Amino acid sequence: MLVVAGISACDTSNSSTDTTGTFEIRMHDAPTDELAEVNVHVLEVHVQHSSNGWVTVGEPDGIYNLLDLVNGNIVMLGENEVEGGRYNQIRLILGENNLVVNHDGETFELKTPSAQQSGLKMNINSDLEEGVRYVLVLDFDASKSIVRTGNSPVQDYILKPVIRAYEEALTGTISGTIVPSLSMSRIDAMVADTVYTSTYAGTNGEFLLIGLEPITYSVQVHARVGEYSVMSITGVDVEAGARTELGELELLIE
């Protein structure tokens, strides 16, 4: 059930555990073209203290369409003041109301083996300092997390989550505007030949790629409507806590 990236925080291995800090947990998604909706029912969010076990950060009991959580749209799952020290994992406890909707409007149960009991777990290995607010973001990759078995009309959809957890303060963003906006483009941040994360441009063509570690990327723009060539921009540098603005990107007709 678990695919994870660790979080690197300040080196506070000598921090006292009798002080408190705040965890804020947020979630967004890397989108997929395969489905119209991916709805996940999140009951509770916990963090695991290295000495004292699981601590509740939030109890949202909410159903979230992951495909709405793109282009900088983030949902907060919870925040809580907790004891300082080392935290090893986050887990999401899911409810029973998980479903997907295909592009024909058909609704299917999204099966989540063990997620209602043991939860979806992500390693973070983060040291919480006194008086510090850690904003931890869960990047849910819907395109890799939903597995379909069987053929229509008998189909099963299974959640095998691919989730990247990162500390917001240690990442940067890339933004820009796609012309024409009616192309409804997908924008990929690439490292070598691998997609690091993706988003969809909004109806006005604007896009925001978030949660990018401070390295150099190439950015590819794929039109989802219309006959346009793929645009590729290389050498896009990202710095922690900063936005790299690409300006207006005009697609060319094939």
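Contact here means heavy atoms within 4.5 Å of each other. Keep that in mind for the first stop. What you have open is a predicted model, where local features need pLDDT of at least 70, side-chain atom pairs count only at pLDDT 80 or more, and totals for chains, interfaces and linings use all residues. Residues are numbered from 1 along each chain as its sequence is written, and side-chain values use heavy atoms, with hydrogens and water left out.

**Stop 1: Asp141**

Select Asp141, which sits in strand β10, residues 133–141. (Strands are DSSP runs of E with at least two residues, numbered from the N terminus.) Now show what Asp141 touches: leaving aside neighbours within four places in sequence, you'll find Asp29, Ala30 and Val162. Is Asp141 buried or exposed? Asp141 counts as buried, because its relative accessibility is 14%. (Buried means under 20% relative accessible area, exposed means over 50%, and partly exposed is in between, using a 1.4 Å probe and protein chains only.)

**Stop 2: Glu24 and Arg133**

Next up are salt bridges: a side-chain nitrogen of Lys or Arg within 4 Å of a carboxyl oxygen of Asp or Glu. The whole structure has 11 of them. Pick Glu24 and Arg133, whose closest N and O atoms are 2.7 Å apart. Glu24 is in strand β1 (residues 20–30) and Arg133 is in strand β10, so this pair ties together parts that are 109 residues apart in sequence. Click on each partner in turn: Glu24 is buried at 8% relative accessibility, while Arg133 is partly exposed at 44%.

**Stop 3: Arg26 and Glu168**

Stay in strand β1 and select Arg26, then add Glu168 from the loop between β13 (163–167) and β14 (172–179). Their side chains meet in a salt bridge, 3.1 Å from N to O. How many residues apart are the two in the chain? They are 142 residues apart, so to speak linking distant parts of the chain. Glu168 is partly exposed, with a relative accessible area of 30%, and Arg26 is partly exposed too, with 22%.

Before moving on, select Glu24, Arg26, Glu79, Arg133 and Glu168 together: a network of salt bridges links them.

**Stop 4: Asp127 and Arg86**

Finish with Asp127 and Arg86, another salt bridge, with the closest N and O atoms 2.8 Å apart. Asp127 lies in strand β9 (residues 120–128) and Arg86 in strand β6 (residues 85–94), so the bridge ties together parts 41 residues apart in sequence. Colour them by accessibility: Asp127 is buried at 8%, whereas Arg86 is partly exposed at 31%.

Methods: Helices (H or I, at least four residues) and strands (E, at least two) are DSSP runs, numbered from the N terminus.
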